[in-house]
Amino acid sequence: ASYLDLSYVNYEWPEVAKHEFFHVVQQYAMARSRRSDIDSRETSLRIQPLHFVEGSANTVGYLTGFRNLGWSSDAMDWLVWQRSNDAKNWMTVNSADDVIRMMTATETYQPNEAFEMSYAIGALMYEWVIGTYGREGFVKLLNQLASAPSFDVALQRSIGLTKSEFYSKSAPYVF
């Protein structure tokens, strides 16, 4: 939103504008090659799963929205706690295997809990990408959205992991 409602201020507000702007960056990354194969939500999600759309926008928003990296980390932790608490009746996470199940579930918009958790779990997933492969690895992934036929291929071309490997390797960090 373009306003700050003082009756509803939480740890997210400094990152919101940057999060929303990053959606422009994501769309530009897909559209810059004038790809003609993005004709539906399903096609779009095949290339940019929801945990990437919302989660990586949160990663960028949180990591750039605060002057202190510790504040970014605290705010992201709060987001994960809040969303996990809200979704506790949907899916419990007690292990890295449960994290992988949630990663898979947050590839799409349904159910609503998957949509909501995509922001939190995705933020940690792409923080792991940046921490492991650097900003350059993350930018390579973003650049693959212009031509890769799927997210799996984009991952392989950019950081050398299949989607399954990405989930397995990042799950302990997310957990």
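A residue is called buried here when its relative accessible area is under 20%, exposed when that area is over 50%, and partly exposed in between. In this predicted model, buried residues make up 47% of the 175 residues in the protein chain.

**The whole chain**

Begin with the complete chain in a cartoon representation, where the secondary structure comes to eight helices and zero strands, so that reading along the sequence gives the pattern α-α-α-α-α-α-α-α. If you orient the view on the principal axes, the C-alpha trace spans about 45 × 35 × 30 Å. The radius of gyration of the chain is 16 Å, which agrees with the value near 16 Å that a compact globule of 175 residues would have. Switching to a surface display brings up an accessible area of about 9,300 Å², of which 53% belongs to carbon and sulfur atoms. If you then draw contacts between residues at least 6 apart in sequence, 67% of them join residues at least 24 apart.

**Leu50 and its contacts**

Next select Leu50, which lies in helix 3, a helix that covers residues 50-65. Is Leu50 buried or exposed? Its relative accessible area is 0%, and because buried means under 20%, Leu50 counts as buried. Setting aside residues up to four places away in sequence, show as sticks what Leu50 touches: Leu45, Gly55, Thr106, Glu107, Thr108, Tyr109, Phe115 and Ser118. For a longer reach, draw a distance from Leu50 to Tyr167, which is 117 residues away along the chain, and the two C-alpha atoms turn out to be separated by 14 Å.

**Thr104 and the cis peptide bond**

Move now to Thr104 in helix 5, a residue that counts as partly exposed at 42% relative accessibility. A distance drawn from Thr104 to Ser118, 14 residues apart in sequence, gives 9.9 Å from C-alpha to C-alpha, and Ser118 is also one of the residues that Leu50 touches.

From there, select Pro111, which is found in the loop between helix 5 and helix 6. Which geometry does the peptide bond from Gln110 to Pro111 have, cis or trans? The bond is cis, with omega near -5°. As background for this stop, most peptide bonds are trans.

**The second largest pocket**

Turn on a pocket display and go to the second largest pocket, whose volume is about 240 Å³. Of the 15 residues that line this pocket, those closest to its centre are Val80, Ser84, Val93, Met102 and Met117, which makes them a convenient selection for centring the view. Colouring by helix is informative at this point, since helix 4 (69-86), helix 5 (96-105) and helix 6 (112-144) each supply at least two residues of the lining. Colouring by residue class instead divides the lining of the second largest pocket into eleven nonpolar, two polar and two charged residues.

**Helix 8: Lys163 and Pro172**

Finish on helix 8, which covers residues 163-174, and select Lys163 within it. With 26% relative accessibility, Lys163 counts as partly exposed. Leaving aside its neighbours within four places in sequence, Lys163 is in contact with Glu107, Phe151, Asp152 and Leu155, and Glu107 appears in the list of residues touched by Leu50 as well. The C-alpha atoms of Lys163 and Val129, 34 residues apart along the chain, are separated by 12 Å.

The last selection is Pro172, which is likewise found in helix 8. Why does Pro172 count as exposed? Its relative accessible area is 52%, and exposed means over 50%, so Pro172 falls in that class. A final distance, drawn from Pro172 to Asn143, 29 residues apart along the chain, shows their C-alpha atoms separated by 26 Å.

Definitions and conventions. Residues numbered from 1 in each chain as written. Predicted model: local features only at pLDDT ≥ 70, side-chain atom pairs only at ≥ 80, totals over all residues. Heavy atoms only, no water. 1 Å grid on protein atoms, 1.4 Å probe; cavity = no way out; pocket = protein on both sides within 12 Å on 5 of 7 lines; lining within 4 Å. Points joined across faces, edges and corners; volume = space filled by probe spheres on them. Helix = DSSP H or I, 4+ residues; strand = E, 2+ residues; numbered from the N terminus. Nonpolar A, V, L, I, M, F, W, Y, C, P; charged D, E, K, R; others polar. Buried < 20%, exposed > 50% of the residue type's maximum accessible area, 1.4 Å probe, protein only. Contact = heavy atoms within 4.5 Å. Rg over C-alpha atoms; globule rule 2.2 N^0.38 Å. Areas by Shrake-Rupley, 256 points an atom, 1.4 Å probe, with all protein chains shown as cover.
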